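Me: Please take me through one enclosed part of this structure and what packs around it. Then follow the chain outward from there, step by step.

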Amino acid sequence: MISLKWNQLNAWRLSRHHLAPRLKRKDFVKAATRIGGVQAQVMSAAELALWARVDGLSSQDVKSALWKEHTLIKTWAMRGTLHLIPSSDLPLFVSARRMDGDRGWTNYFTYYGISPTQQAAFLEAVPQVLGAEPMTREQLAIAVAREAHVPALRELIVTANWGSPLKPSAFRGDLCFGPSQGQNVTFVNPKKWITTWREIEPMSALEEIVRMYLQAYGPATIEDFSRWWWGGAGITMTKKVFKSLESELEEVNVEGWRAIALTSTLKSIQKMDIANTVRLLPLFDAYVLGLGRDLDPLLPATLKNRVYRPQGWISAVVLVDGRMKGVWEYKTKGAQTTVKISMFASAPRSLRQSIEAEAERLGLFLKTKVVIEYEVKP
């Protein structure tokens, strides 16, 4: 069994996440490609996740990629949460989700009085009524209810929390978000926005998703991938797909922690070393979401609740050489942004200088002056 050091592994992940070094502005979509999408439950956090990985990025760059160039797609993806997915990768994600099928949604729709037959009619209706022109939730609800001949669908689509009845259509690649119209969200058919749509055999697609995950977050455990892709469910399917990739994988020992790596990545990992990297990662950042949550070398167990909070809330973290050394938050009022840094232990002057340099970058992105406040809570 190959033995690795945490410094090697952390440096590898920082590199693969484009956190060290960062990407150039013109290549920013590659950041979303490499890390398998950017969580976008909070859109400002999604923009900051890209900002952390790209020099010179602006908020308008992200908006243009979504609503003009269509190089990014906003849709429900892993764990049923909103993500920004590179449009070129969306067919891969959709094909991999076919391993789940629509069966898991039957109980949900039945609870609201929608029979399996009506559910099938609903799923068939969505791509029929959605095109390249954005439709509000109300417009979509009316059109789908009429097309499927199921009047109850209108109220369900309009009133359901989190857009849940629309998620199966998103997973099938029949629906994604369009640009908001005032306070109203809109939806389009992504297949009308993406010029080429490739069909991929579902198991092959899921295998490719595993490779993508291990190239950015690996080495990792089967449970780590299951949590990242399914939110902790699907462990049987995860074991099946890892088994199918057995010839490409190798178990490694990282200072006593056993995990699985792509064999093709091991030589590169062994050449890596940390180079004094400090980054401010936003809420729900992929680096924090995708790694094992019970690893003291990354975050001591006594501090876990400072980062991984109730209701799935993931704090913004101060990342020092790949390790979580504090949390932070910011508030903008007028032309000033106050950044509050809460370190888990006292920070030496050199570390504070690096944090302050990151905060200055944040000010350039937000186009405000930055004021930093430190707070230490061991």
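Reply: Start with two terms. A residue is buried if its relative accessible area is under 20%. Contact means heavy atoms within 4.5 Å. Keep in mind that this is a predicted model.

Now look at helix α5, residues 90-97. How many of its residues are buried? Eight of the eight are, so the helix is largely enclosed by the rest of the structure. Read along it: Leu90, Pro91, Leu92 and Phe93 are buried. Val94, Ser95, Ala96 and Arg97 are buried too. Arg97 is charged under the classes used here, yet it is on the buried list.

What do these buried residues pack against? Two strands are on the list, β3 and β4. The others are helices: α10 (167-171), α11 (190-193), α12 and α13 (222-230). Let us follow some of these neighbours.

Take β4 first. This strand covers residues 82-86. Five of its five residues are buried, so β4 is also largely enclosed by the rest of the structure. Which way do its side chains point? Leu82, Leu84 and Pro86 point one way. His83 and Ile85 point the other way. Both groups are buried. There is a general rule behind this pattern. In a regular strand, side chains alternate between the two faces of the sheet.

Strand β4 has pairing partners. Strand β3 (residues 72-76) pairs with β4 in the antiparallel sense, over five bridges. Isoleucine 73 stands opposite isoleucine 85 in β4. These two strands form a hairpin, with five residues between them. Arginine 79 sits in the turn, with a positive phi of about 60°. Strand β2 (residues 38-39) also pairs with β4 in the antiparallel sense, here over two bridges. Glutamine 39 stands opposite histidine 83 in β4. So Ile85 and His83, which point the same way from β4, face partners in β3 and β2.Next comes α12, another neighbour on the list for α5. This helix spans residues 202-217. Which helix crosses it, and at what angle? The axes of α1 and α12 come within 7 Å and cross at roughly 120°. That makes α1 oblique to α12. Trp12, Arg13 and Arg16 of α1 make the contact with Gln215, Ala216 and Tyr217 of α12. By class, this contact has three nonpolar, one polar and two charged residues.

Helix α1 leads on to a sheet. It covers residues 6-16 and lies across β1, β8 and β9. It runs at about 40° to β9. These three strands form an open sheet in the order β1-β8-β9, with mixed pairing. β1 (2-4) and β9 (257-262) stand at the edges. Each has a single partner strand, so one side of each is left without a neighbour in the sheet. The twist averages 40° from one strand to the next. Strand β8 (residues 249-254) pairs with β9 in the antiparallel sense over six bridges. Leucine 249 stands opposite leucine 262 in β9.

There is another open sheet of three strands to find. Its order is β5-β7-β6, and the pairing is antiparallel. The edge strands are β5 (135-136) and β6 (176-181), and each pairs on one side only. Four bridges join β6 to strand β7, residues 184-188. Phenylalanine 177 has phenylalanine 187 of β7 as its bridge partner.

Now turn to another helix pair. Two packed helices are described by the angle between their axes and the distance between the axes. For α3 (residues 43-51) and α18 (residues 349-366), the axes come within 12 Å and cross at roughly 125°. The two helices are therefore oblique to each other. Their crossing is right-handed. On the α3 side, Glu47, Leu48 and Trp51 make the contact. On the α18 side, Glu358, Arg361, Leu362 and Phe365 do so. These residues divide into four nonpolar, no polar and three charged.

Finish at valine 370. It lies in strand β14, residues 369-376. Is valine 370 buried or exposed? Its relative accessible area is 12%, so it is buried. Leaving aside neighbours within four places in sequence, valine 370 is in contact with Thr337, Val339, Ala359, Glu360 and Gly363. Its C-alpha atom is separated by 39 Å from that of isoleucine 209, 161 residues away along the chain.

How values were computed:
Residues are numbered from 1 along each chain as its sequence is written. This is a predicted model: local features need pLDDT of at least 70, side-chain atom pairs count only at pLDDT 80 or more; totals for chains, interfaces and linings use all residues. Side-chain values use heavy atoms; hydrogens and water are left out. Two strands pair if DSSP finds at least two bridges between them. Axes are lines fitted to C-alpha atoms, for helices over the stretch in contact, and angles run from 0 to 180 degrees between N-to-C directions. Buried means under 20% relative accessible area, exposed over 50%, partly exposed in between (1.4 Å probe, protein chains only). Angles under 35 degrees count as roughly parallel, over 145 as roughly antiparallel, 65 to 115 as roughly perpendicular and the rest as oblique. A crossing is left-handed if the near helix is turned anticlockwise from the far one by less than a right angle, and right-handed if clockwise.
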